[in-house]
Amino acid sequence: MQAVRFHEYGGIDVLRVEEVERPTPGPGQVLVEVRAAGIQPGEVMIREGARHGRWPAVFPSGQGSDLAGVVVEVGPQVRGFAVGDEVLGFTHDRASHAQFVAVDDVDVVSRPPGLSWDVAGSLYVAGTTAYACVFAVDPGPADTVVVSGAAGGVGSFVVQLARRRGATVIGLASEGNHAWLRQRGVVPVVYGEGVAERIREAAGGNVDAFIDTFGDGYVELAVELGVRSERINTIRDWQAAAKVGARTYGEGAAACAVVLGELARLAARGELEVPIARTYPLEQVRDAFRELETGHTHGKIVLRP
């Protein structure tokens with residue numbers, strides 16, 4: 001089968017699509033023929049070696065967590081799945097950017113009717129990360145919540161989930177994404193110089209919580225806005241969070257099939273929109289990450305093996 005590999009830390013040019021042995025599912029595992037697999041900013045940091053202390057790579061390394069596809073083989077002791085089932089899920093083995101992947105049966109759920117392959121295959125990392133972010137600051141109808149990177153891969157989930165809780169949501173994003181945010185009941189604010197005053201004006205009073213999906217000084221901005229540390233959550237700036245006592249709930253805090261299944265059902269019913277920025281065939285993985293690394297995509301970029 002074909003799979004993405006890199007043999008050393010580095011830039012986009014270290015990514016290769018290579019022929020590797022097709023995996024065999026072990027006990028409690030299913031073999032999924034992948035139809036769609038999302039890509040993530042965190043995979044860039046792992047590939048570059050920037051997260052070696054936290055998530056070291058073993059070479060040659062594969063990559064990819066999100067996946068959706070069709071079960072083509074089942075191992076012994078598998079519960080609840082059979083050949084031909086359409087599923088979405090995740091792997092912790094950095095292996096979903098491939099034509100086939102062996103996955104634990106507890107890490108997949110059935111694909112709800114009406115959920116597209118692209119959405120199903122890009123739901124896990126961004127969706128469960130957003131779920132954890134919102135859980136961390138616990139917004140309610142009386143709260144005003146600011147979200148940085150509000151139209152990005154994680155931020156676009158966060159703003160919708162926070163609005164579902166009844167909160168007033170202020171989304172920091174470029175002007176090109178303001179219409180999309182307004183359509184979802186979010187108050188858009190342009191980031192950059194003077195953002196603190198623009199947030200105060202948009203809030204018309206206190207800011208109660210801050211969810212940072214971008215990094216680059218937003219934890220400090222939340223403190224400047226008077227947000228209590230326990231109601232600040234960041235998925236990017238762990239150093240600043242440690243300094244002020246903010247939370248760092250991310251993907252790992254909600255990394256389970258139960259949460260993924262809930263998000264999939266919301267998306268299938270049209271109650272959670274998952275923007276797909278663009279899709280690429282597996283052999284164009286370098287182009288996919290080149291677009292991702294511009295930092296200006298709205299929604300998810302998906303590989304189609």
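Here are a few worked exercises on a predicted model, covering helix packing, a pocket and some backbone details.

**Exercise 1. Work out how α3 packs against α4, and say which residues make the contact.**

Start with the ranges: α3 covers residues 124-137 and α4 covers residues 155-164. Next, take the axes, which come within 8 Å and cross at roughly 45°. That angle makes α3 oblique to α4, because it falls in neither the roughly parallel class (under 35 degrees) nor the roughly perpendicular one (65 to 115). As for handedness, the crossing of α3 and α4 is right-handed. Now list who touches whom: α3 brings A126, G127, A130, Y131, C133 and V134, while α4 answers with F157, V158, L161 and A162. Finally, sort these by class, and you get nine nonpolar residues, one polar and no charged ones.

**Exercise 2. Do the same for α3 and α9: what is the crossing angle, and which residues meet?**

Helix α9 spans residues 257-268. Its axis and that of α3 come within 10 Å, crossing at roughly 100°. So α3 ends up roughly perpendicular to α9, since the angle sits in the 65 to 115 band. On the α3 side, look at Y124, G127, T128 and Y131; their partners in α9 are V259, L260, E262 and L263. Sorted by class, this contact has five nonpolar, two polar and one charged residues. To finish, compare the two lists: G127 and Y131 of α3 turn up in the contact with α4 and also in the one with α9.

**Exercise 3. Describe the second largest pocket: what is its volume, and what lines it?**

First the volume, which is about 190 Å³. Then count the lining: 18 residues, with R5, P23, D93, A95 and V101 nearest the centre of the pocket. Now map the lining onto the strands: β1 (2-5) and β6 (100-104) each give at least two residues. Last, the classes: nine nonpolar, six polar and three charged residues make up this lining.

**Exercise 4. Find the cis peptide bond, then check Q77: is its phi positive or negative?**

For the cis bond, go to F59 and P60, where omega is about -5°. P60 belongs to the loop that runs between α1 (41-48) and β4 (66-74). Moving on to Q77, its phi is near 65°, so to speak a positive value in a non-glycine residue. Q77 is found in the loop between β4 and β5 (86-90).

Note on methods:
Residues are numbered from 1 along each chain as its sequence is written. This is a predicted model: local features need pLDDT of at least 70, side-chain atom pairs count only at pLDDT 80 or more; totals for chains, interfaces and linings use all residues. Side-chain values use heavy atoms; hydrogens and water are left out. Axes are lines fitted to C-alpha atoms, for helices over the stretch in contact, and angles run from 0 to 180 degrees between N-to-C directions. Helices (H or I, at least four residues) and strands (E, at least two) are DSSP runs, numbered from the N terminus. Angles under 35 degrees count as roughly parallel, over 145 as roughly antiparallel, 65 to 115 as roughly perpendicular and the rest as oblique. A crossing is left-handed if the near helix is turned anticlockwise from the far one by less than a right angle, and right-handed if clockwise. Contact means heavy atoms within 4.5 Å. Ala, Val, Leu, Ile, Met, Phe, Trp, Tyr, Cys and Pro count as nonpolar, Asp, Glu, Lys and Arg as charged, and the others, Gly among them, as polar. On a 1 Å grid over the protein atoms alone, a cavity is a set of points where a 1.4 Å probe fits but cannot get out, and a pocket is an open set with protein on both sides within 12 Å along at least five of seven lines; lining residues have an atom within 4 Å of a point. Grid points are joined across faces, edges and corners, and a volume is the space filled by probe spheres set on the points.
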